[in-house]
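Subject: Structure handover

Hello,

Here is the structure I promised to pass on. Please open it beside this message and follow along.

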Amino acid sequence: MSVPDYMQCAEDHQTLLVVVQPVGIVSEENFFKIYKRISSVSQVSVRDSQRVLCIRYRHHYPPENNEWGDFQTHRKVVGLITITDCFSAKDWPQTFEKFHVQKEIYGSTLYDSRLFVFGLRGEIAEQPRTDVTFYPNYEDCQTVEKRIEDFIESLFIVLESKRLDRATDKSGDKIPLLCVPFEKKDFVGLDTDSSMLLGLKRHYKKRCQGRMRKHVGDLCLQAGMLQDSLVHYHMSVELLRSVNDFLWLGAALEGLCSASVIYHYPGGTGGRTGARRFQGSSLPAEAANRHRPGAQEVLIDPGEFFLSMGALTTNGINPDTSSEIGRAKNCLSPEDIIDKYKEAISYYSKYKNAGVVELEACVKAVRVLAIQKRSMEASEFLQNAVYINLRQLSEEEKIQRYSILSELYELIGFHRKSAFFKRVAAMQCVAPSISEPGWRACYELLLEALPGYSLSLDPRHFSKGTHRGWAAVQMRLLHELVYASRRMGNPALSVRHLSFLLQTMLDFLSDQEKKDVTQSLENYTCKCPGTMEVLTLPGGPTLPPVPLTKLPIVRRVKLLNLPASLRPQKMKSLLGQNVSTKSPFIYSPIIAHNRGEERNKKIDFQWVQGDVCEVQLMVYNPMPFELRVENMGLLTSGVEFESLPAALSLPAESGLYPVTLVGVPQTTGTITVNGYHTTVFGVFSDCLLDNLPGVKTGGSTVEVIPALPRLQISTSLPRSAHSLQPSSGDETSTNVSVQLYNGETQQLVIQLENIGMEPLEKLEVTSKILTTKEKLYGDFLSWSLEETLAQFPLQPGKVATFVVNIKVKLDFSCQENLLQDLSDDGISVSGFPLCSPFRQVVRPRVESKSVNPPEGSKPGDPSHVKTLEAILNFKYSGGPGHVEGYYRSLSLGLRVEAEPSVFFTRVSTLPATSSRKCHLLLDVFNSTEHELTVSARGNEELVLHAGECQRMAIQVDKFNFESFPESPGAKGQLANPKPLEEERQEARGLEIDSKLDVHWRIPSLKRTGEASVEGLLNQLVLEHLQLAPLQWGSEQGWRRPPMIPGVPRERRETPQLQGHREPPGRAAPVPSTCPQDVLVDGQPCDCEAAACRVGDPVCLEVRLTNRSPRSVGPFALTVAPFQDHQNGARNYDLHSAVSFVGSGTLHLDAVQPAGQSACLGALLFLYTGDFFLHIRFHQDNASKELPPSWFCLPSVHVRALEAPA
């Protein structure tokens, strides 16, 4: 026996072997169609018995194996079924002759045979025959199964008769010696009757009996008598062991093991579908409860056994008596089964010609151990099977042997060992000795070997956790798959496997291997580009796509917000923020938690429909050469998205490299960036973020809002080379700059162009001055939107004009002690130094100490130019986005470099001839390098050369500040005094500056500007420029009595001096002039000198109007006459020149708010000349509480003339 049956299992010992073969020319399809129906009848219950007959069908069986039928009866072909086509009666004799020829091949062992004829009709087909069955065609053959059952029953009858014949044989010495083929030559010519010695004869007899008992045990097992077979096997073992008949002893032990396996494992050990099961027998159920270790081997007395054979059934068939004798006591335990298998195999190994039997026994033992889950012992049997030396096997037999070994190793859980033999079988398919290599079979076997090497053709299994398996072996196997698929003529498979190798084994490839693999991949993709389609293999399985996510490696994915000028912003609701209306509560922890989970995925900014959006990837090239990536774009879902592919070239081992992918959303909604696609080495890959290990992303979902217009601005000013202050926090799209002198105004013309696809409908302009240390006066930026909005809606491509006025108005003060003294006449009422940022411009005073400028470029540096920065913000909207409540904001940065123009180095005041007026003295300094003129309202221009300083006198009317904010005390306790006082002072300075209207002009540059005194005037100067709340007036004139005829003018009565007060609310007798004017003889004394006659009494009236919010007084006033010699000397000793009519002190009672009061007095001038009356207040508590400026009464100028003759 030279052809092993690797599909053998222990339960095959109880089967009858039936060969099904075609006769003549029969199509393979038709043959296997009938063969499948025949093989479905694998178990037949014997009538009138509880026994079951099991059949094993083969469509090919070597005749030399049939010669071992006496050794193991399940190897004997006992039935032959032939299938043939015959369509005419004349072909029938030849067909029937072929059937007989086929029978002769197995004739020595056949019990019965059948011939199935298809296609023959007529008389021949109608003749009744037992061994031939006729069918008109392969479809009309419903009785095939019934014919097979009848055929099996006929086999059983012959089997039972042979069993009974051998079991009841009492001849003793006449028992034939059963032999295997290679033993027959050893017994040729041996005379067992006469020539043998008595001992040798007894030995020979025991051998014959032992072999026959083993043979009967096989027949009993085939006949369904399990317990009887166990008894015969035990008896055979004892007999054969005594005569050292090792080959047959091994067969008896194997039979004993097979019967025990059938008992313990009624489901079978072959693992095939349709496992043999006993029908109509109580033994399997009983055996199922007896699958236990420790069952003892019990021998039955042969006498009792043969006595039990006497009882036969009525039809001559002996029933199964195993349920009555011994039951399962003779069955081996599961542990003993393996031991007996080992012993049997050791006996087989003694015989070179029994290699096939030994090999099959090992296979059977492995299947039993697999059920028992004893993998290590099973591996020992398989290892023994590997080294069993058979005859020179053909390549096909080698492939079968290695494949079966692989399956058995897989059965016991040795996956890597199984994969090894599977790979060996694959290589055997394409051995050089094979004329037509089977590359397809090789490829399929290699695919089956992948799991054993921890390989899966799904790349997703390699993206989780550490690498499993031996990388070197895996790469070798993948290379073999690539080569086999190429030799199959399937380049798509080669590209897929090579891509898989590059993707999964990249970390284990050397630099040279990386170059070789990529070069091969490029060569393959030139003929068949790599795609993301699922490939279906010939056997039915599929190959998933392999995206090259490591070429390049992506470490971080970040969705970028739109540029600041294009970011959409939501218009605030009435509550000032978008509050969710899903819950009636202001805060809910459940809602907050859900929002937190959503933030992990959804980004808090928006993209705009139709605008280019960006996603940044940080990529790394792991290859030792330059990596060229083509057609790299985004993969999205949720919104229609136009991806704009990019191409890049990464240097060798580049490190992290930023790559920006762009696209345009075409519709609105929620868009999710799922990944990106690339083309590398001719392989197109869709790389999903979920399959990228170690990728950091801040979210991949963003909302796309409806389209908005896009605004582009251009200005009349040049772009600035400087950026705005970093601390400003405002992102500007454009920065412009301009150089202006302090006080200068310039127009900024802005062109607004709609470069989007939607009309621009709404526009709002605001400005923001960035933090600066310099104080600005007035409006730095001003504009009017009416003319611009008249051009709206602004259609795409249209331009509108917007004008902004830029006015630089900084502090014009300068420090006095670093300038030369200007001529001072000594009559300045007040003067104060001003802080100057230009300390090095002029010569310091001789007596002054030099002032060191502070370090660095601070305001003390003469070359310092002050910088002002502001931002113009344009909020605009339109189109569908405006309907949804979105707008955009575009910012224009403005940088103004302010150079100094003029400075006021000193400010002072002088009283004017009128109490309602005064003189404001300004020392003006030209800080420019050009000639400059300065003018004020109603004054002539003052010409200043570069670096020159001159004094400028301006006569102004005093100001009434009653309309400005009240004093801090009037605002209550909660008011902050400092801001209120500053606000009052700024408002007063603004009014003064507007009335002064000081301007400068540089003729050579044709540039003009304002020069503001805001911020220059301190409290003392403001008090002198302000109309006092207490308004004083004085009158001086003749008090004439009524005309009395005859009384000379000189002798008229003069009224007595007396104090006089009008009650509040009642006007005192005043002249028609303003109350502040001092009247002398009916004329205002502040206009010119009041004339009077020497010797005539002059009436002096001083009136007080209280416009303050508080009650004032009482006051005491003293009139002091003096003469001014115009040289700085005054003469107050005029007792001989001026005489008072009455007392020289006047008294005023308390005056309520808005009330008036007056006091009267009289003087008499005795000499001619110019006299001045200085009215002074007495120092008391009431006057000390009020500011001194409230008591500034003008000096009264009186000119005494000669009396007429």
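Start with one helix pair. α11 and α13 are roughly parallel to each other, because angles under 35 degrees count as such and their axes cross at roughly 15°. Those axes come within 12 Å. The crossing is left-handed. On the α11 side, the contact is made by I338, Y341, K342 and I345. On the α13 side, E377, F381 and N384 take part.

Before going further, a caution: this is a predicted model.

**The whole chain**

The protein chain has 1205 residues, and 48% of them are buried. Its secondary structure comes to 25 helices and 48 strands. Take the contacts between residues at least 6 apart in sequence: 76% of these join residues at least 24 apart.

**More on α11**

Helix α11 covers residues 334-348, which makes 15 residues. From first C-alpha to last, α11 reaches 21 Å. That is close to the 21 Å expected at 1.5 Å a residue. Its buried residues are P334, I337, I338, K340, Y341, E343, A344, I345, Y347 and Y348. What do the buried residues of α11 pack against? The partners are α7 (226-242), α8 (246-264), α12 (355-372) and α13 (375-386).

**Helix α14**

α14 spans residues 395-411 and has 17 residues. It reaches 24 Å from its first C-alpha to its last, close to the 24 Å expected at 1.5 Å a residue. Buried in α14 are E395, E397, I399, R401, S403, I404, L405, S406, L408 and Y409. The cover over the buried residues of α14 includes α12, α13, α15 (415-429) and α16 (439-449). So α13 turns up twice: it packs against buried residues of α11, and it helps cover those of α14. After α14 comes G413, with a positive phi near 90°.

**An antiparallel pair: α18 and α19**

Now look at α18 (residues 491-504) and α19 (residues 511-527). Their axes come within 10 Å and cross at roughly 155°. Angles over 145 degrees count as roughly antiparallel, so α18 and α19 are roughly antiparallel to each other. This crossing is left-handed. From α18, the residues involved are S494, V495, L498, S499, L501 and L502. They meet V517, T518, S520, L521, Y524 and T525 in α19.

**The six-strand sheet**

Next, the sheets. One is an open sheet of six strands, in the order β2-β3-β1-β4-β5-β6. Its pairing is mixed. Which strands sit at the edges? They are β2 (43-45) and β6 (132-135), and each pairs on one side only. Neighbouring strands in this sheet are turned by 25° against each other on average, direction ignored.

At the β2 edge, three bridges join β2 to β3 (residues 52-58). The two strands run antiparallel. Q43 has C54 in β3 as its bridge partner.

Two helices go with this sheet. Helix α3 (residues 92-105) packs on the sheet and touches β1 (15-23), β4 (77-85), β5 (112-118) and β6. The direction of α3 makes about 150° with that of β5. Helix α5 (residues 144-167) lies across β1, β2, β3, β4, β5 and β6. α5 runs at about 165° to β5.

**The four-strand sheet**

Another open sheet has four strands, ordered β21-β23-β26-β25. Here the pairing is antiparallel. The edge strands are β21 (711-715) and β25 (781-783), and each pairs on one side only. On average, neighbours in this sheet are turned by 30° against each other, direction ignored.

Five bridges join β21 to β23 (residues 745-754). These two strands run antiparallel. For T715, the bridge partner in β23 is I750.

**An enclosed strand**

Last, find β22 at residues 734-741. Seven of its eight residues are buried, so β22 is largely enclosed by the rest of the structure. Its pairing with β29 (residues 886-899) is parallel and runs over eight bridges. One place to check is V738, whose bridge partner in β29 is V896.

Over to you.

Best wishes

Conventions
Residues numbered from 1 in each chain as written. Predicted model: local features only at pLDDT ≥ 70, side-chain atom pairs only at ≥ 80, totals over all residues. Heavy atoms only, no water. Expected span 1.5 Å × (residues − 1). Buried < 20%, exposed > 50% of the residue type's maximum accessible area, 1.4 Å probe, protein only. Contact = heavy atoms within 4.5 Å. Pairing = 2+ DSSP bridges. Axes fitted to C-alpha atoms, helices over the stretch in contact; angles between N-to-C directions. Parallel < 35°, antiparallel > 145°, perpendicular 65-115°, else oblique. Left-handed = near helix turned anticlockwise from the far one by under 90°.
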